Amino acid sequence: MKQIFGLAILFTFIACNQSEKKSAGRTDSIQSDTLSKNNQVSIKDKKKEDILIKYVNLKNALVKSDEKLTQKNAANLQKSLADFEGCEPTAEVAGKIASSGNLIDQRKGFTILSSDLIALMKSAEIEKGTIFVQHCPMANKGDGGDWLSTEKEIRNPYYGNEMLECGRVTEELKAN
């Protein structure tokens with residue numbers, strides 16, 4: 001498992017940024033029970049918006065420390081990433097999370113996944129709302145870990161209820 005995540009780290013620098021396929025613009029907002037109703041986020045590229053929805057669902061499953069829900073949401077995200085040109089290596093990372101029933105391994109994979117998706121969302125054309133880049137300095141044995149959220153309130157996916165509010169907002173990605 002360690003080797004798999006090591007390879008995934010190499011891919012993280014090239015994935016999801018190689019050759020973005022431009023999709024027809026879409027202006028409807030993300031509609032999901034798992035996203036904040038106070039901060040509806042709308043992204044012009046429909047595929048990026050779908051990736052964000054599924055990523056947030058995965059993050060929320062990790063916040064709940066639910067291995068099975070994490071597997072399900074990672075599998076859903078894997079499909080969306082595989083359909084986005086340049087994100088195939090990132091889709092593989094999501095697949096590793098989906099195939100693992102171990103919360104510790106799932107969270108390690110989430111670190112790699114988040115790094116890629118933060119870069120992807122920084123290149124997104126946000127039409128409405130804010131995406132928050134959040135950071136927990138204690139995650140990954142003190143190396144820290146970042147994640148995306150559509151809510152400013154910290155809900156830590158690396159520790160769940162153990163340290164639910166550990167972290168801070170490091171960046172806000174907003175509509176132009």
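## Exercise 1: the cysteines

Cys136 has a relative accessible area of 0%, so Cys136 is buried (under 20% relative accessible area; exposed is over 50%, partly exposed in between, with a 1.4 Å probe and protein chains only). Work out how many disulfides the structure holds.

Before you start: this is a predicted model, where local features need pLDDT of at least 70 and side-chain atom pairs count only at pLDDT 80 or more, while totals for chains, interfaces and linings use all residues. Residues are numbered from 1 along each chain as its sequence is written, and side-chain values use heavy atoms, with hydrogens and water left out.

Solution.
- Step 1: take the cut-off. A disulfide is a pair of cysteine sulfur atoms within 2.5 Å.
- Step 2: find the cysteine sulfur nearest to that of Cys136. It belongs to Cys166 and is 3.4 Å away.
- Step 3: apply the rule. Cys136 is in no disulfide, and neither is Cys166.
- Step 4: give the count, which is zero disulfides.
- Step 5: check the cover on the partner. Cys166 has a relative accessible area of 16%, so Cys166 is buried.

## Exercise 2: the aromatic rings

Find out how many aromatic pairs there are, then classify the pair of Trp147 and Tyr158.

Solution.
- Step 1: set the rule. Rings of Phe, Tyr and Trp (its six-membered ring) pair if their centres lie within 6.5 Å; planes under 30 degrees apart are stacked, over 60 edge-to-face, and the rest tilted.
- Step 2: count. The rule gives three aromatic pairs.
- Step 3: classify. The ring centres of Trp147 and Tyr158 are 5.9 Å apart and the planes sit at 65°, so this pair is edge-to-face.
- Step 4: place the two residues. Trp147 is in strand S4 (residues 145-149), and Tyr158, eleven residues apart from Trp147, is in the loop between S4 and strand S5 (168-174). Strands (E, at least two residues) and helices (H or I, at least four) are DSSP runs numbered from the N terminus.
- Step 5: look at cover and company. Trp147 and Tyr158 are both buried, and ring pairs link them with Tyr55 and Phe110 into a cluster.

## Exercise 3: helix H5 and Ile97

Describe helix H5, then say which residues Ile97 touches.

Solution.
- Step 1: get the span. H5 (residues 103-122) has 20 residues and reaches 28 Å from its first C-alpha to its last, close to the 28 Å expected. That expected span is 1.5 Å times one less than the number of residues.
- Step 2: check the cover. Of the 20 residues in H5, 14 are buried.
- Step 3: look at the start of H5. There, a side-chain oxygen of Asn102 comes to within 2.8 Å of the backbone nitrogen of Ile104.
- Step 4: turn to Ile97, in helix H4 (residues 88-99). With 0% relative accessibility, Ile97 counts as buried.
- Step 5: list some contacts (heavy atoms within 4.5 Å). Leaving out residues up to four places away in sequence, Ile97 touches Phe110, Gln106, Gly109 and Leu113, among others.

## Exercise 4: Ser149

Say whether Ser149 is buried or exposed, and which residues Ser149 is in contact with.

Solution.
- Step 1: locate Ser149, which is in strand S4.
- Step 2: read the area. At 1% relative accessible area, Ser149 is buried.
- Step 3: follow the side chain. One of its polar atoms lies 3.0 Å from the backbone oxygen of Glu151.
- Step 4: name the contacts. Neighbours within four places aside, these are Lys59, Thr130, Ile131, Phe132 and Gln134.

Technical notes. A polar contact is a pair of N or O atoms within 3.5 Å; within protein, one must be able to donate a hydrogen and the other to accept it, and residues adjacent in sequence count only if both atoms are side-chain atoms.
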